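Subject: Handover of a structure and findings

Dear colleague,

Please find the structure below, together with its sequence. My notes on what was found in it follow.

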Amino acid sequence: MSFLTPEARPLLPVVILLSGTGTNFSAIAAAAAAGALPVEIKLVVSDKPDAPGLERARKLNIPTCYLRMADFPNRAAHDQAMAQAIDAAAPKLVILAGYMRILDTAFITHYQGRLLNIHPALLPEFKGLNTHQRALDARVQWHGCTVHFVCDELDAGARIAQARLKILENDSAQSLAQRVHQLEHILYPAVIAWYASGRLRETDGVAYLDGHPLTAPILIGDTDA
Ligand code: GRF
């Protein structure tokens, strides 16, 4: 039992990895700044020196670094260097927020159970890239996003939560991307808050919320828009 009030609880140190725009990073940082998410972003890491997400972090005085794949002989060496940079920041959770490279097995094993990703589709549907166009092409009714623990198989780790929307007749890949992004910015901070407050864990490839195994992802947010 904890006698600490939520305000007195220590903030969970986290590191965020990104390759691009960084709107999910901004949503997480904004929730933390508003006191709605008990995390402290210790470091933002990118594989791209010019990722706009890095500039967003700098503006908030959050430490950043980048490691270009081209500066390393292979992915294993790159990811090992990245793990060293991450571990120097001593995070309890590592958050992939639009990190667009497949991670080395040793890296994933090292962070097993404390590595989260957000994917722009209702997994297990549409793993990989171009999810919005593929959802349109497949004429599915529902689309959305999934937060999951990361395992060695792409987009296949234990699913935690999803937010979904109904595809509209006039939706394009762009409009879908925009609408799914809005859901991502709600879903990701919510799931990270579960982890930060000790409610969410992963053991042997199974996600547990409040001690109960998640046999299906939890659906949060607007389910019929
Ligand atoms: C998001 O769509 C996320 O689901 C995917 O990469 C994109 C990152 O967007 N993994 P942003 O850089 O956070 O805006």
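**Findings: strands and ligand site**

In strand 5, Leu 116 stands opposite Phe 149 of strand 6. Please bear in mind throughout that the model is predicted.

I begin with the strands around this pair. Strand 5 comprises residues 115-119, and its pairing with strand 6 is antiparallel, over four bridges. Strand 6 itself spans residues 142-149. Strand 6 is also joined to strand 7, residues 159-166, by seven bridges, and these two strands likewise run antiparallel. Within that second pairing, Val 147 has Ala 161 of strand 7 as its bridge partner. How many of the eight residues of strand 6 are buried? Seven are, which leaves the strand mostly covered. By way of background, the strands of a sheet pair through backbone hydrogen bonds, in either a parallel or an antiparallel sense.

A separate paragraph is due to strands 8, 9 and 10. These three strands form an open sheet, in the order 8-9-10, with antiparallel pairing. Its edges are strand 8 (200-203) and strand 10 (212-213), each of which pairs on one side only. Strand 8 and strand 9, the latter made up of residues 206-209, run antiparallel and are joined by four bridges. One such pairing places Thr 203 with Val 206 of strand 9 as its bridge partner.

I turn now to the ligand. Where does the ligand sit? It occupies the largest pocket. The residues around it are Thr 21, Gly 22, Thr 23, Asn 24, Gly 98, Ile 118, His 119, Pro 120, His 181 and Glu 184. Helix 1 (23-33), strand 5 and helix 6 (173-196) each contribute at least two residues to this shell. Strand 5 therefore appears twice in this account, since by the DSSP assignment of helices and strands it both pairs with strand 6 and supplies residues to the shell around the ligand.

Three polar contacts of the ligand may be described in turn:

- An oxygen atom of the ligand lies 2.5 Å from an N or O atom in the side chain of Thr 23.
- A polar backbone atom of Gly 22 is 2.7 Å from an oxygen atom of the ligand.
- A nitrogen atom of the ligand is 2.9 Å from a polar backbone atom of Ile 118.

Taken alone, the ligand exposes 370 Å², and the protein buries 87% of that area.

With kind regards

How values were computed
Residues are numbered from 1 along each chain as its sequence is written. This is a predicted model: local features need pLDDT of at least 70, side-chain atom pairs count only at pLDDT 80 or more; totals for chains, interfaces and linings use all residues. Side-chain values use heavy atoms; hydrogens and water are left out. Buried means under 20% relative accessible area, exposed over 50%, partly exposed in between (1.4 Å probe, protein chains only). Two strands pair if DSSP finds at least two bridges between them. A residue is near a molecule or strand if one of its heavy atoms lies within 4 Å of it. A polar contact is a pair of N or O atoms within 3.5 Å; within protein, one must be able to donate a hydrogen and the other to accept it, and residues adjacent in sequence count only if both atoms are side-chain atoms. Accessible areas come from the Shrake-Rupley method with a 1.4 Å probe; for residues, only the protein chains shown count as cover. On a 1 Å grid over the protein atoms alone, a cavity is a set of points where a 1.4 Å probe fits but cannot get out, and a pocket is an open set with protein on both sides within 12 Å along at least five of seven lines; lining residues have an atom within 4 Å of a point. A molecule sits in a cavity or pocket if more than half of its atoms lie within 2 Å of its grid points.
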